[in-house]
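Thanks for making time for this. I would like to walk through a few places in one model, and I will take them one at a time.

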Amino acid sequence: MFSLMGQETIVTIYITLISTLLAYVLGLPMGILLAVTDKKGLAPNVGINSVFGVIVNIIRSIPFLILLIAIQPFSKLVVGTVLGNPAIIVGLVVAAAPFVARMVEASIKEIDQGVIEAAQSMGASTWQIVRKVMLVEAKPSLIVGGVVSLITILGYTAMAGIVGGGGLGSIALNYGLYRFELDIMWISIAIIVILVQALQWIGMSIARKLDNRIR
């Protein structure tokens, strides 16, 4: 059992990291777009901002377990199956990308407008301001948001057992719940808590090195 838990801990970390990476591939540009097209953004566009805002809000409002089941046809289309780790990764990315988008949007909106106005006065284009000013100035906040997203996705992996996926959540479900082996459930929970604390410590340490204002 301890060997199995070691293997599933690795699976949990793998699923979490891959899902977070893919969620940022989708969520980062979406968050930038929401910030830039806001009525007070660099390139206000009510139409684009409203469309993406509605999409983000709708997906975020659906509980993850329900979303995981509802997008099974999409998972089948993308990875060819509705079961296993590939299916849970698809579900995690779909659920987390809108969350990441809002985190990115909030981080960018925290930037001092004076810095952006200074860049505009020097003739910088919108893309140059986004790449060289916004993302640079928001880096510490983006890292903190990344840690929050990573921990949130780690929590979502507990649902993996519902679709036949692996990980610590699957062990807690299949052994702890279905077989009433509560000791295994609590050990799984303890490992997840340790992983969360480790990720939190690593992420905040990186953020502190980039911004001395973070304590």
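Let me start with Val104, in what is a predicted model: leaving aside neighbours within four places in sequence, Val104 is in contact with Tyr24, Gly27, Leu28, Gly31, Ile32 and Leu142. Helix H1 runs from 2 to 36 and helix H5 from 85 to 109, and helix H8 covers 139-156, if you want to place those contacts along the chain.

Val104 also belongs to the largest nonpolar core, which has 34 residues, and it is listed there with Leu42, Ile88, Ile108, Ile116, Ile129 and Met134 as the members that touch the most other members. At least two residues of this core come from each of H1, helix H3 (64-70), H5, H6, helix H7 (126-137) and H8, and the greatest contribution, 11 residues, is that of H5. As background, nonpolar side chains in soluble globular proteins tend to be buried together.

Now to the second largest pocket, whose volume is about 170 Å³. Its lining is made up of Ala35, Val36, Asp38, Lys40, Gly41, Leu42, Ile108, Lys109, Gln113, Ile116, Gln120 and Met134, and by type these divide into six nonpolar, three polar and three charged residues. Helices H1, H5 and H6, the last of these spanning 113-121, each supply at least two residues of that lining, with the largest share, three residues, coming from H6. You may recognise some names here, since Leu42, Ile108, Ile116 and Met134 are in the lining of this pocket and are also among the core members with the most contacts to other members.

Next, two small residues, beginning with Ser75, which sits in helix H4, residues 72-79. Is Ser75 buried or exposed? Ser75 counts as buried because its relative accessibility is 2%, under the 20% cut-off. Once residues up to four places away in sequence are set aside, Ser75 touches Gly80, Thr81, Ala87 and Val90.

The other is Gly161, found in the loop between helix H8 and helix H9, where H9 covers 168-177. Gly161 has a relative accessibility of 16%, and so it too counts as buried, that value being under 20%. Not counting residues up to four places away in sequence, Gly161 touches Ser170 and Leu173. Finally, how far apart in space are Gly161 and Leu83, C-alpha to C-alpha? The distance is 9.4 Å, although 78 residues separate Gly161 and Leu83 in sequence.

Methods: Residues numbered from 1 in each chain as written. Predicted model: local features only at pLDDT ≥ 70, side-chain atom pairs only at ≥ 80, totals over all residues. Heavy atoms only, no water. 1 Å grid on protein atoms, 1.4 Å probe; cavity = no way out; pocket = protein on both sides within 12 Å on 5 of 7 lines; lining within 4 Å. Points joined across faces, edges and corners; volume = space filled by probe spheres on them. Helix = DSSP H or I, 4+ residues; strand = E, 2+ residues; numbered from the N terminus. Nonpolar A, V, L, I, M, F, W, Y, C, P; charged D, E, K, R; others polar. Buried < 20%, exposed > 50% of the residue type's maximum accessible area, 1.4 Å probe, protein only. Contact = heavy atoms within 4.5 Å. Core = buried A, V, L, I, M, F, W, Y, C linked by side-chain atoms within 4.5 Å.
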